[in-house]
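This report describes a few helices of one chain and how they pack. The sequence and model come first, and the description follows.

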Amino acid sequence: MSMPGNLPVVRITCGICEIVSRKAQSTGDKLESDTSWLKQKHHSDIRRKLVHLKLNFILNNLQSYLDHLKMNNSAWPCLLKNISQDWPCQKEWVENGKPNFEWLSRKYGRAEVPVSNCKERYFNAQSKCTMKLKEFLDYWEDYIDKKHPEESQCFYMKDWHFPNENPSENVYRVPPFFASDWINEYLLKDPSKNDDYRFVYMGPKGSWTPLHADVFSSFSWSVNICGIKKWIFFPPGEEEKLKDKFGKLAYDVESEDLLDSSKFPLYSPSVNRIVLIQEVGDAIFVPSGWHHQVWNLDDTISFNHNWVNGCNISKMWDALSQCFTSVVREISDCKLMDGWDAQCQLMLKSCFGMNHLDFYSFIAAIAHSRLNCLVEGATLEVNGGWCLGPNHCRFDLTRINALLSSILNADVSCYNDCVDEMKSLVSKIDDVVSS
């Protein structure tokens with residue numbers, strides 16, 4: 001359901017508490033926009049704004065989304081209204097405001113899905129298993145019938161690669177706000193990779209996800225087609241106040257352990273945070289590097305993507321570099337052994353999900369797709385069947401060239417054989433963008 005009029009649905013907590021809202025708007029939207037102004041903000045600027053500014057976080061169309069990013073330099077979470085009303089899954093997967101268990105079980109019940117136990121901690125995550133979707137749906141329906149009993153296990157189906165496993169099922173469409181998605185564009189063009197960052201989540205009332213930041217320091221988006229979620233966001237840098245004396249991130253930001261200064265010496269109840277309540281049809285935009293924790297306040301189904309583009313690719317590179325530094329430090333005592341550099345790259349891929357050569361292949365592929373479109377005078381079809389025009393392609397290439405300059409200056413031995421290729425790509429981008 002959507003909120004009428006000026007009802008307050010967002011709480012911003014930053015030492016003080018404010019309530020903001022925004023009336024619904026309805027305008028036509030264009031996907032092609034001038035995005036050259038998008039740059040990342042320094043963490044201290046974010047904290048300063050949290051204390052001093054009152055912002056609107058509820059948006060209703062593409063232009064208001066772009067205005068939000070422009071005003072805040074792409075660094076803020078926000079909530080976008082009325083996204084899923086035309087999605088087939090909104091009609092087929094949900095019945096009378098609850099999951100359509102019979103439909104889902106009949107249609108997809110044989111699928112193997114990943115399931116987390118929200119009441120069983122495994123290190124700093126939740127224990128996991130796999131189930132047939134029908135088994136999970138049967139559990140969930142019974143859990144609802146028993147009024148979500150506190151004493152029972154609480155299972156949460158997370159990270160089901162539904163679009164990848166069901167490529168012919170067009171049950172939703174990527175919102176135009178999030179269409180420029182380099183990671184999934186790259187992976188989907190090569191079926192041999194058999195991977196993506198597009199997921200379905202299903203969970204009963206009371207299920208939740210512990211405090212974390214997203215993979216690759218990516219953006220993410222999440223759209224509810226059923227139920228209500230509560231999100232708590234912490235600006236980059238604030239997570240340091242949520243670490244225990246050993247430097248480990250808190251598992252649950254609502255745990256009373258945080259109030260024990262002998263365990264969490266840097267924590268204060270006034271730590272900067274933003275709280276958003278996400279309802280049916282709402283999309284949440286999660287910026288790079290924002291730690292967050294999420295609760296299902298009702299029985300909930302959502303579609304979720306992680307994504308990277310020209311606005312946050314430098315964040316991904318920084319995260320890769322930081323992970324590499326940690327790997328090098330971890331095995332520095334073995335530096336004289338044969339194959340040490342290759343071992344570092346192997347460990348980097350295991351820890352981060354990509355190594356340096358993977359990252360360059362990814363960037364080069366995105367660059368060539370944009371170059372080809374500009375040279376041929378064509379548009380580029382991307383996720384959701386949207387098309388990027390020449391301005392967007394030029395913006396992407398400009399950001400890639402800035403990144404390539406950083407890569408060429410990096411002390412990474414596996415890039416030594418790629419230097420000439422990188423310089424050639426930089427030169428070609430310069431020629432095409434300036435023509």
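## Helices α9 to α12

On one side of α12, Asp 420, Asp 431 and Ser 434 are exposed, where exposed means over 50% relative accessible area, buried under 20% and partly exposed in between (1.4 Å probe, protein chains only). The other side of α12 holds its buried residues, which are Met 422, Leu 425, Val 426, Ile 429 and Val 432. They cover an arc of only 140° around the axis, so they lie on the same side of α12; the arc is that of the directions from the helix axis to the C-beta atoms. The cover over these buried residues includes α10 (356-376) and α11 (390-408), with contact meaning heavy atoms within 4.5 Å.

This is a predicted model, in which local features need pLDDT of at least 70 and side-chain atom pairs count only at pLDDT 80 or more, while totals for chains, interfaces and linings use all residues. Residues are numbered from 1 along each chain as its sequence is written, and side-chain values use heavy atoms, with hydrogens and water left out.

Helices (H or I, at least four residues) and strands (E, at least two) are DSSP runs, numbered from the N terminus. The expected span of a helix is 1.5 Å times one less than its number of residues. For the two helices below, the expected and actual spans agree.

| Helix | Residues | Expected span | End C-alpha distance |
|---|---|---|---|
| α9 | 340-352 (13 residues) | 18 Å | 18 Å |
| α12 | 419-434 (16 residues) | 22 Å | 23 Å |

In α9 the buried residues are Trp 340, Cys 344, Gln 345, Leu 348 and Phe 352. Their arc around the axis is only 140°, which puts them on the same side of α9. The face turned away from that buried side carries the exposed residues Ala 342, Leu 346 and Ser 350. Among the elements covering the buried residues of α9 are α8 (313-330) and α10. Gly 353 follows α9 and has a positive phi, near 105°.

α10 and α11 pack at an angle of about 145°, with their axes 9 Å apart. Axes are lines fitted to C-alpha atoms, for helices over the stretch in contact, and angles run from 0 to 180 degrees between N-to-C directions.

The loop between α11 and α12 contains Cys 418. Cys 418 is buried, with a relative accessible area of 11%. Leaving aside neighbours within four places in sequence, Cys 418 is in contact with Leu 357 and Tyr 360. Cys 418 and Leu 357 are 61 residues apart in sequence, and their C-alpha atoms are 9.1 Å apart in space.
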